[in-house]
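Open the model in a viewer and keep the sequence panel visible. The tour below goes from one selection to the next and says what is found at each stop.

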Amino acid sequence: MTLAHARSLLAAEPLVQEHAPADDRGGLERLAVWATRFSPSVMVDGNDHGLLIDITGCAHLYQGERPLVTQLLKGVASLGLSASAAVAPSCGAAWALARYQQGKAAIVDHLSALPEALAPLPVSALRVDEPTVDALAEVGVRRVGQLLDLPRHELPSRFSDDLMLRIDQALGRAMEPITPIRSSTLPCVQRTFAGPVKKLEAIQQATRQLLDQLCTQLLEREAGLNRLRLTLDRSDCEPIHLTLRVSRPTRDARHLWRLLQPKLETAHLGFGVETISIEATHIAPLPHRQQVDAALHEHAATSISFHAAHGQLLDTLPAPSSSPPASPGRAFPSLDTAPAPSTAARPTQLFDRAEPVQVQSLTHDGPVLQINWHGRLHHVVRSVGPERLTNAWWRGPTSSRDYFRVQLESGLHLWVYHEMPSGLWFVHGWWV
């Protein structure tokens, strides 16, 4: 209704606010990220207040499509929103049924059932434009069933090509891919000066303040960073990029500053720095921990801080002699830190045939330090293992393999094993 109509119906003056489409879109994108718990493929439906979710391969996790839809609608209701949903073999049919079908949820199992399910719906359910809907109404076609009864070869000459596309999309004859929404970007902070700054002390102070802001963002996400990149935009030449790696996820600003300060002191500032930006290029979950009073619970405080202190110690140790020259903040391979971003015990992709590699390890039991793979030498920044796997005794002679989860400097995560008794090394898969 119009604002004048609303004022005439209300006894008191209503609270009037301007429509903010950008805010609506932002809220819908946040809802789409929330919906990724039901499927990894979720898309915001254009300018409409809806979501398209590809649940292919996900329904069995909820014992069927109807339990999945029921749980989805309950979750949306718990957020204070009212919604309707539909499951269909095509995006166009699901879009139409969710908005025009009676009831909160509609499910169509097969493509052959789509014409009958869409027949009683209005033509606008096919997502055609208003001029086409009006033109069809002039010849008495108001329902999808009536439209489908018309000879197909006569429609393109009288109506737009978009009508044919929408019919084919609704019936599953035309492809309609989903572009999944991605979660929020990585934490990043930035400081721009009024002019070029040449003093190192000012650069250091601004960097420390930015690290505090970055760690605050990480705390809000209950995450810690494994790698960060500091960029100094200089007024007279190319920007400087300083990279820092740590052995364990952390959001300790003081620890990060101790590792970053030596790198910053050796940076060439040129004729001045105009902008400083710090980005956490790789983050991992880091649950919030309650602060413990050491005076009252000395043992608990010590146990909680042990892992963090261990990681800080590894960050300050020099790299092994077999690795490239040590630099401040270079991470020593940690044996009990799972490779990020995947915390799964098994890789997401196994090779059809394990690929032989040459490996240099600190000891026979690891950690792995270097891998010569595909003719290139790769340095390992993180190694987890070994995990011994042995074949079943009833399948013949037993053989054992020691598996390691390793992370290369490039960020690639590999599943490497040491075969016994041959002593050969192989790459069996990776985390995508």
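## Stop 1: strand β13

Select residues 413-420, which make up strand β13; seven of these eight residues are buried, leaving the strand mostly covered. This is a predicted model, and what follows describes that prediction.

Stay on β13 and pick His418, which lies in this strand. With a relative accessibility of 6%, His418 counts as buried, because the cut-off for that class is under 20%. Next, show the backbone of Gly423: its oxygen is 3.4 Å from a polar atom of the His418 side chain.

## Stop 2: the neighbours of β13

Add residues 400-408, strand β12. β12 and β13 run antiparallel and are joined by eight bridges. To see one pairing, select Phe404, whose bridge partner in β13 is Val416. The two strands form a hairpin with four residues between them, and Gly411 in the turn has a positive phi of about 100°.

Now add residues 425-431, strand β14. Six bridges connect β13 with β14, again in an antiparallel arrangement. Here the pairing to select is His413, with Trp431 as its bridge partner in β14. β13 and β14 also make a hairpin with four residues between the strands, where Gly423 takes a positive phi near 80°. Gly423 has already appeared on this tour, since its backbone oxygen lies 3.4 Å from a polar atom of the His418 side chain.

## Stop 3: the barrel

Which strands close into a barrel, and in what order? Six strands do so, in the order β9-β10-β11-β12-β13-β14, with antiparallel pairing. From one strand to the next, the twist averages 45°.

Go to strand β10 (residues 368-373) and strand β11 (residues 376-390), which pair in the antiparallel sense over four bridges. Select Gln370 to find its bridge partner in β11, His379.

When inspecting side chains here, recall that in a regular strand they alternate between the two faces of the sheet.

## Stop 4: aromatic rings

Show the rings of Phe, Tyr and Trp. Ten aromatic pairs are counted in the model. Select Phe351 and Trp373: their ring centres are 6.5 Å apart and their planes are at 20°, so the pair is stacked. This pair links distant parts of the chain, with Phe351 in strand β9 (residues 349-361) and Trp373 in strand β10, 22 residues apart. Both Phe351 and Trp373 are buried.

Next select Tyr403, Trp415, Tyr417 and Phe426. Ring pairs link these four residues into a cluster.

## Stop 5: salt bridges

How many salt bridges does a search of the whole structure find? The search finds nine.

Begin with Asp402 and Arg388, whose side chains meet in a salt bridge with an N to O distance of 2.8 Å. Asp402 lies in strand β12 and Arg388 in strand β11, so the pair ties together parts that are 14 residues apart in sequence. Are the two partners buried or exposed? Asp402 is buried, with a relative accessible area of 3%, whereas Arg388 counts as exposed at 52% relative accessibility.

Move to helix α9 (residues 161-170) and select Arg166 and Asp162. Their side chains form a salt bridge at 3.9 Å, N to O. The two residues are four apart in the helix, so about one helical turn separates Arg166 from Asp162. Asp162 is partly exposed, at 29% relative accessibility.

Then select Asp168 and Arg173, which form a salt bridge whose closest N and O atoms are 3.9 Å apart. Asp168 is buried, with a relative accessible area of 15%, while Arg173 is exposed, at 57%.

## Stop 6: Lys263

Finally, select residues 253-265, helix α11, and pick out Lys263 within this helix. Which side chain of opposite charge is nearest to Lys263? It is Glu409, 10 Å away; Lys263 is buried yet has no salt bridge. The cut-off for a salt bridge is 4 Å between the nitrogen and the carboxyl oxygen, so a distance of 10 Å does not qualify. To see a contact that Lys263 does have, show the backbone of Thr243, where the oxygen lies 3.4 Å from a polar atom of the Lys263 side chain.

Conventions
Residues numbered from 1 in each chain as written. Predicted model: local features only at pLDDT ≥ 70, side-chain atom pairs only at ≥ 80, totals over all residues. Heavy atoms only, no water. Buried < 20%, exposed > 50% of the residue type's maximum accessible area, 1.4 Å probe, protein only. Lys, Arg positive; Asp, Glu negative; His and termini not counted. Polar contact = N/O pair within 3.5 Å; in protein donor to acceptor, adjacent residues only side chain to side chain. Pairing = 2+ DSSP bridges. Axes fitted to C-alpha atoms, helices over the stretch in contact; angles between N-to-C directions. Phe/Tyr/Trp six-rings, centres within 6.5 Å; stacked < 30°, edge-to-face > 60°.
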